[in-house]
Amino acid sequence: MKRNKTMIAAFALPASILFVAIFVYPVIRTVFMSFFSIQEITDSFSSWVFNGIDNYKSLMGNALYRTSWINLLKIFFLGGVITLGVSLLMAAILKSGVKLKGFWQAVIYMPNIISAVAMATMWIQYVFNSTYGFLHNFFKAIGLESLANIQWLSPDMKFTALLVSYCFGTIGHYMLIWLSGMERISPDIYEASSIDGASKVQQFFYVTMPLLRGIFKTNLTMWAISCSGFFIWSKLFSPITADTSTIVPMIYMYEKLFGAANTDSVTRDAGSAAAIGVMLCIFVVVMFFVVNKTIKDDDIEM
Amino acid sequence: MAKKKSSQGLNMRGQLKLAPGYLVLATWVSFTFVVLFWVVGASLSTTGDIFRGTIFDFSTGLHFENYSRAWIGSNVSVYFANSLVYAVISCTLLIVLCAPFAYVLVRHRFPGSTLLKTGLAAASGVPIIMVIIPLYMIIARAGLLKDEMTNRIVLITLFVGTKVPYTTIFLQPYFDSVSRAYEEAASIDGCHPIRAFWQIVFPMAQGGLITVTIFNFINIWNEYFLSLLFVNSEKLRPVALGLFSMINGMQFSGDWSGLFASVMIVFAPTFLIYIFLSKYIIGGLTGGVKG
């Protein structure tokens, strides 16, 4: 037994220490910091000024910050409907008995392994380009001049462009998770329902969907987590100065921390940056509880 | 014979019914291929041809020098080497740290083990911004970003540290499925449990170890946010950050064909991994999630 104790200590300690140092301690400290006014991120503790919930109040009073949350919620709800909906559709198609299933799913998942910077560059510099871009040439070729002339990267369209290109890349991931759930549903249920005369479409709505509630919960939670960390795509769509149409809380936090090109709109303040982190964390926690309270899956045997 | 024929006929009709599905898949996949094909074309073309929309004419031949210009002139070789070093070292450390960690967490109960398990699960939902502010504060105040070597160590430590929860959670079911009989037999033969783990249990979780390493490698290769904050000099930039700075410089240099060549260089390693190892990637995703 003593040998086991040595092993447990030797195996658990290094990773636990790293985990505490890089997760536990910083999380607690961030919550603590969010109640202080801290000018420079490197300021020592003695120069911090306690100001209660003022950081939260002044953030909520800032129009640009509120815009960043509206954008995030738009990404969460609109993007969520698009991503989870389309990925479910794709999974259903793959499950319906098409040939070359492995090939289709591999290609659809592929964007997930590519660097987001490279992916976004392909979209911004090629697909959305207004002179030689894919959408421009495609709509021109089929004679839809009005669609061909859409300026995808103009302030009006930028958010749509951002949302479409971001969702396109993530759909493959959610599709695979849906598919893994579908594959766990017993073929007997489908057989029984088709003997009872259910069509493929009816089977999808009355058999597959109800049995996928657990997967739906997983996907929705993962979607909330990935939305809370939304950063790179927004940065790439407006690389120098944050645009009101694409700004998200993480971008705003980055500017709070290190200053921005448009310095007049955002003043540097590490305490407020910490408060933004806490608010994003609360967003994830709230979504987690909402998802778990509203979707019940415990009564279903798979 | 006759039976086989009729089932084939049914199959044909069945496939015909799936036509709308095929149409959706084909459209989606064609779009992906058109974009990739165009970027490959643009990377071998000239900036002039890109803007004239005549990249596939190759009127002046294939411009492989775009790649050498990007590789050397735009420092992509430096970024590439950095990312490779960061990814390889981090992935190795993650396995060395997390494999034994995951193993003791599934096999033994010890003071704090339940708390650690809960903590790891909770950490996978914590936005990265919740941890970086205090870490930046401590690291910058200690002056660790001023020296190249310490800056590299900081980066690798952060890549490893932030991936500990994911890697450990991922590996747990793989170690759980290894039968305890092996360790018991080893212990009867007088083998120390530490040795029994590395020599007997560790190799048996091979599938999980390979899969999680592939995911970690791809994630660290593509990593952007931590590098943006913690990389203090151009010489230490990984590919994603290097590519981003190139894009920002593009309005001054105007070298679009070079940009697309750089995109291809950044894209190539993870793409090659995917071509050869997609079985692990797709298997790891579809097998690892509980409904």
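Hi everyone. Let me start with a distance: in chain B, the centres of domain 1 and domain 2, taken over C-alpha atoms, are separated by 37 Å. The domain assignment puts domain 1 of chain B at residues 2–65 and domain 2 of chain B at residues 74–254. Please keep in mind as I talk that this is a predicted model.

Let's stay with chain B for a moment. What does its secondary structure come to? The count is 14 helices and zero strands. If you walk along the sequence of chain B, you read α-α-α-α-α-α-α-α-α-α-α-α-α-α.

Now for overall dimensions. The C-alpha atoms of chain B fill a box of roughly 80 × 75 × 35 Å along the principal axes. The radius of gyration of chain B is 25 Å, whereas a compact globule of 291 residues would have one near 19 Å. Of those 291 residues of chain B, 43% count as buried. As for contacts in chain B with a separation of 6 or more, 73% of them are between residues 24 or more positions apart.

Next, chain A. Here there are 14 helices and two strands. The box filled by the C-alpha atoms of chain A is roughly 75 × 75 × 35 Å, again along the principal axes. Chain A has 302 residues, and 42% of them count as buried. Of the contacts in chain A between residues at least 6 apart in sequence, 68% join residues at least 24 apart.

So how do the two chains meet? In this model, 72 residues of chain B are in contact with 75 residues of chain A. Which helix gives the largest share of the side of chain B that touches chain A? That is helix H2 of chain B, residues 19–43, with eleven residues. By type, the residues on that side of chain B are 54 nonpolar, 17 polar and one charged.

Let me zoom in on one helix, H14 of chain A, which runs over residues 270–294. Why do we expect a span of 36 Å for H14 of chain A? Because a helix is counted at 1.5 Å a residue, its 25 residues should span 36 Å, and the end C-alpha atoms are indeed 36 Å apart. The buried residues of H14(A) include A:Ala270, A:Gly271, A:Ile276, A:Leu280 and A:Phe283. What covers them? Among the elements of chain A that do so are helix H1 (2–33), helix H11 (213–228) and helix H13 (249–258), and helix H7 (129–141) of chain B takes part as well.

Just before that helix, have a look at A:Arg268, in the loop between H13 and H14 of chain A. A:Arg268 has 17 other C-beta atoms within 10 Å, so it is partly exposed. Its C-alpha atom is separated by 35 Å from that of A:Val291, 23 residues apart along the chain.

Another loop residue in chain A is A:Leu100, between H3 and helix H4 (101–109). What is the phi of A:Leu100? The angle is positive, about 60 degrees, although A:Leu100 is not a glycine. A:Leu100 is partly exposed, because 13 other C-beta atoms lie within 10 Å.

Back in chain B, let's visit B:Val76, in helix H5 (residues 76–107). Is B:Val76 buried or exposed? B:Val76 counts as buried, because it has 23 C-beta neighbours inside 10 Å and the cut-off for buried is 20 or more. Leaving aside neighbours within four places in sequence, B:Val76 is in contact with B:Ala70, B:Trp71, B:Gly242, B:Ser262 and B:Ile265. There is also a long-range pair here: B:Val76 and B:Arg237 are 161 residues apart in sequence, and 9.6 Å apart in space, C-alpha to C-alpha.

Finally, confidence. The model scores ipTM 0.87 and pTM 0.89. Chain A has a mean pLDDT of 86, with 95% of its residues at 70 or more. Chain B also averages 86, and 94% of its residues score at least 70. In chain A, confidence is lowest in helix H7 (residues 145–148), at a mean of 78, and highest in helix H3 (residues 63–95), at 93. Among the elements of chain B, helix H1 (residues 2–17) has the lowest mean pLDDT, 59, and H5(B) the highest, 94. Over residues 1–6 of chain B, pLDDT stays under 50, and the model has zero contacts there beyond four places in sequence. Where pLDDT is low, the predicted coordinates should not be read in detail.

Thanks for listening!

Notes:
Residues are numbered from 1 along each chain as its sequence is written. Chains are lettered from A and ligands numbered from 1 in the order in which they are written. This is a predicted model: local features need pLDDT of at least 70, side-chain atom pairs count only at pLDDT 80 or more; totals for chains, interfaces and linings use all residues. Two residues are in contact if their C-beta atoms, placed from the backbone, lie within 7 Å. Helices (H or I, at least four residues) and strands (E, at least two) are DSSP runs, numbered from the N terminus. Ala, Val, Leu, Ile, Met, Phe, Trp, Tyr, Cys and Pro count as nonpolar, Asp, Glu, Lys and Arg as charged, and the others, Gly among them, as polar. Domain bounds come from an automatic or database domain assignment. The radius of gyration is taken over C-alpha atoms; the globule rule is 2.2 Å times the number of residues to the power 0.38. A residue is buried if 20 or more other C-beta atoms lie within 10 Å of its own, exposed if 12 or fewer, and partly exposed in between; C-beta atoms are placed from the backbone. pLDDT is the predictor's confidence in each residue, from 0 to 100. The expected span of a helix is 1.5 Å times one less than its number of residues.
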